Amino acid sequence: MKKPSNLSKARAMLPFFLILLFVVSSTNAQVILEKALSDRTTSYKMDVELDTDAKTVSGDLILTWTNPSLDTVSDLQFHMYLNAFKNSKSTMFNEGSVFHRDEDDFGFVDVNSIHTLDGKDLSAGVSFIMPDQKNHFQELRLSEEVPTMPDGSIQDETVMRVVLDEGVLPGESIQVKISFTSKLPDLKKRTGFSQNYFFVAQWFPKLAVYEYPGMKSGAESGWNCHQFHRSSEFYANHSLYEIDLTLPDDYILGSGGMVMAEENLGNGKKKVSLRAEDIVDFAWTASKDYVVVEDQWKHVKIRALFQAEHLYQAERHINALKEALAYLDEHVGRYPWPHATLIDPPTSGQAAGGMEYTTLFTAGTAYGLPKGLRMPELVTIHEFGHAYFMGILATNEFDEPWMDEGMNTYWETRIMDHVYGDKHGVIDLPFIHIGDKEFARFTYVGMNNPKIADAYRPSWEFPHGSYGSVIYQKTATWLNTLERMISTETMDEVFKTYFKRWAFKHPGTQDFIDVVNEVVTEHHGDRFGENLDWYFDTFLKDDKTVDYKVISVSSRRVYQDAGIFGKADSKLFIEQESEEDLYRSTVALERLGEAIVPVDILIHFEDGTEIIEYWNGKDRAKDLIYERSSRVEWACIDPEMKILMDTNLLNNSVTTKANKKPALKYGSKFMFLIQNLMQLISIFS
Amino acid sequence: MKALKSYIYSFSLSWNSKKISSIIYLAYFCIALLLTIPFYKLFVSISEHSLLPANLLQDFDATAFGDLIRDSGKAFQVYFKGFLPWVIVFWLMGTLFYGGIIAWISNPNGTLRFRLFLDKCTQYFWRFVRLAFYMLVIQAIVALLIYVLPVIMIGKEGVTDQYIVRTISIGILIHLVFLITIRLIADFARFGLYQKNHHKVLKEIWISAKYVFRHLGSLWMIYMMWVIMPMVLVVIFYILRTTMTIDTTVLIVGLFVLQQIFIWLKISLRIQKQGMYYKYYILCQVED
């Protein structure tokens, strides 16, 4: 009973606090954007220096946080991501293999001092906690609920808690000054250095998100702060970043912010003032070897930092980025920032590739890739797309990874196939081509066990490395299926509404489902039932698979009644005679999968007539029976191939007239292959 | 001059070797057919009553192909797992025919009798198998030496993918040169073994290697002249394949005929090459 009252109280007070937050945020003068896009509950002001020899970034950070809730918050929680690389006891190392050897390879972030801006020392209240309470392997090895090191210290140090002397009241702000040193790890995963190349992400003590009732569906009061897991990504407030960064003057800098000023310090160093507004993550990179390419798409200035050897692919990357900007702008919403930075990491820094930081993202390519292999385009479109889901909508990638990676992969498949051709999006070579939607489905249905996990779970709880296939490809496939069911126009309307309503507000799963239900009902009434909750229950929250099968198609001549009729002397024998040109055809259907989806069935008769039947798909078996002058020639479930989630499309149809042509064609190809192989092997004879 | 003479001669030899080309082609055809029939039957059983595989007729269709392979994955797996022994059979077959081919090219004006062809194939079979095995070992050592450096470099920090791709490309090019040269050595070693009719394979490899390196320029020149034809053939086939849509039974049969002509021509070119080298070998002996 307590929760509803809190919730309603919170909702009643929310407008007041939003106005308050707006007032607070509006005090941060607008430089890049015309107006603040988010409530900017956090802002970071930093003065840091990159030491290229020591591989450190150190300096001071002033954090301003405004309590957006109705709670008095008595502690602060920070992500200390770099500590995932500190030692083999971290959650990340425990969930994967330890891939660092030398002392210089490890990384960490040390808090040298922490106090409020008015001078109160907070260091006494600092501790490390493990909110997720377990490392997979530690759970097996140790019996303690919270595993500890022999000296009593906690093992994973990626979440830092700072207990405050005085709680932060609702709507009140706190300013904390942190002096920190970040030792960058050898670049083996996302962040760090590789010789003189630096990709600096997740590099400073970063405040977690304080969630509260009314913020999004199902939110409860408290910090949402998770350890840095091997397969998890991030969740953060939209923030204002003002960073003064000192680095050697011969390094080329790329960042998620805009350069406000640059000063040569005269001692071989330069100080660059950067600013970013309303982004959830601030990453930057520095290298002597970048080649800068600049371009423009409408209001967006594109800055791309390439490796010299990949410069010849610059057009491929930039065109892909422009296509993504245009497509998402038309079908989802406007990209609000006037800048986007594309980073092409060097070969030795590929571990930083294919990652997103809102206004900055890293590409992924290789020298010599033919144009028909669209890896550069795919990675660019995918990583840029995150600006919408991870960046603008800013969903929680720890707890609900499908909302970012899954939705983003869905849009990636749409853009790739739209721009580069349906069924040609990813691979487009002379004898083989694969579309991105096909590729996503292929990866999902091709899993050893497509039922291994539902997609509605925290990112670190996917068994046997199934995170990628379930979160990326399965989600993209069921969203593509949904699109085909409700129409592309309705799907676009869903995303436009979702974007408009939830941009910069951290929506949750139910918020998206609510939008789907609202828009689909508006467009299609109750055609798909009272709502589409069943769809999400089936494909998002459950691991059920779809497989409908046409078991058989059979026809037989219809006969008149025959046999002996009547009693005693009045018995009458009627000879069996067939009805002229009347056939009874039976189409036998079965549901092999556990998931239930309504499907259309196309029945084709020998005289060319066709009937479309609707099946709610609930029963395990169904027979369709027809008495007509023509026999059924073939039957096909889901003839428009809407249900991409169907794990076997081969058994969706049965035809009475055997078609041996595909076998003949591929048999001849196979034979030719064998003959050529024989010739090839004879080279070694 | 000898090189040019040999090259010109090889065309008439090739024309006169239609029968031997056809015999070898038929042997390969039968083996390939033996392997294709179960594949075809398997494919038919999976696909003939479904509408989806028809998508594969117009063009390649990843969805249809993927679901087809997955639906019958285990059946295909069993089929492909037993493939290694066949590779060995192909290798032995390639070796077997050399005896017959050399017998023919050494006396192209004689009448080819199938029995004689077969006798020569079997007569030299084991020594040619030994030769092929030694050459295979040499090929492996050469490949190891060529690729070991790029592989080491890949692990080094600061190496760019451009450097790796270029190094491997150069490696492949060098390997190709060695591959052709080693094959030349093998070809001339076979001629030596045939002519002298002895079993000292290693000794013949050594003699052949010296011979090949002595005549390297000329041999490479005639090889380069010869290689134009197979390359033209491949390009023609590629153009035909990429411009044709094979979706009717007539076209499928047409494609099959085209494929078989291509294979027959490849075999014919192989004999032409052997004849060209043999002619050069003989011309050198006459000169000596």
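The exercises below treat helix packing, one sheet and two pockets in a predicted model.

Local features need pLDDT of at least 70, side-chain atom pairs count only at pLDDT 80 or more, and totals for chains, interfaces and linings use all residues. Residues are numbered from 1 along each chain as its sequence is written, chains are lettered from A and ligands numbered from 1 in the order in which they are written, and side-chain values use heavy atoms, without hydrogens and water.

**Exercise 1.** Classify the packing of α12(A) against α12(B).

Step 1. Helices are DSSP runs of H or I with at least four residues, strands are runs of E with at least two, and both are numbered from the N terminus. Axes are lines fitted to C-alpha atoms, for helices over the stretch in contact, with angles from 0 to 180 degrees between N-to-C directions.

Step 2. α12 of chain A (residues 661-681) and α12 of chain B (residues 249-287) pack at about 5°, their axes 10 Å apart.

Step 3. Angles under 35 degrees count as roughly parallel, over 145 as roughly antiparallel, 65 to 115 as roughly perpendicular and the rest as oblique. α12(A) and α12(B) are therefore roughly parallel.

Step 4. The contact (heavy atoms within 4.5 Å) includes A:Leu664, A:Met671 and A:Phe672 on α12(A), and B:Phe256, B:Ile263 and B:Arg270 on α12(B).

**Exercise 2.** Do the same for α6(B) and α9(B).

Step 1. The axes of α6 (residues 84-106) and α9 (residues 161-196) of chain B come within 11 Å and cross at roughly 70°.

Step 2. α6(B) is thus roughly perpendicular to α9(B).

Step 3. Among the residues in contact are B:Tyr98 and B:Ile102 of α6(B), and B:Arg183 and B:Phe191 of α9(B).

**Exercise 3.** Find the edge strands of the five-stranded open sheet in chain A.

Step 1. Strands pair if DSSP finds at least two bridges between them. The order is β18-β19-β20-β22-β21, with mixed pairing.

Step 2. β18 (290-297) and β21 (355-357) of chain A each have a single partner strand, so they stand at the edges.

Step 3. Within the sheet, β19 (residues 300-307) and β20 (residues 339-343) of chain A pair in the parallel sense over five bridges; A:Ile302 has A:Ala340 as its bridge partner in β20(A).

**Exercise 4.** Which element gives the most to the lining of the second largest pocket?

Step 1. The lining has 26 residues, with A:Ile683, B:Arg183, B:Tyr223, B:Trp226 and B:Pro230 nearest the centre. A pocket is an open set of points on a 1 Å grid over the protein atoms alone, where a 1.4 Å probe fits, with protein on both sides within 12 Å along at least five of seven lines; lining residues have an atom within 4 Å of a point.

Step 2. α12 of chain A and α9, α11 (216-243) and α12 of chain B each give two or more residues.

Step 3. α11(B) gives the most, with nine residues.
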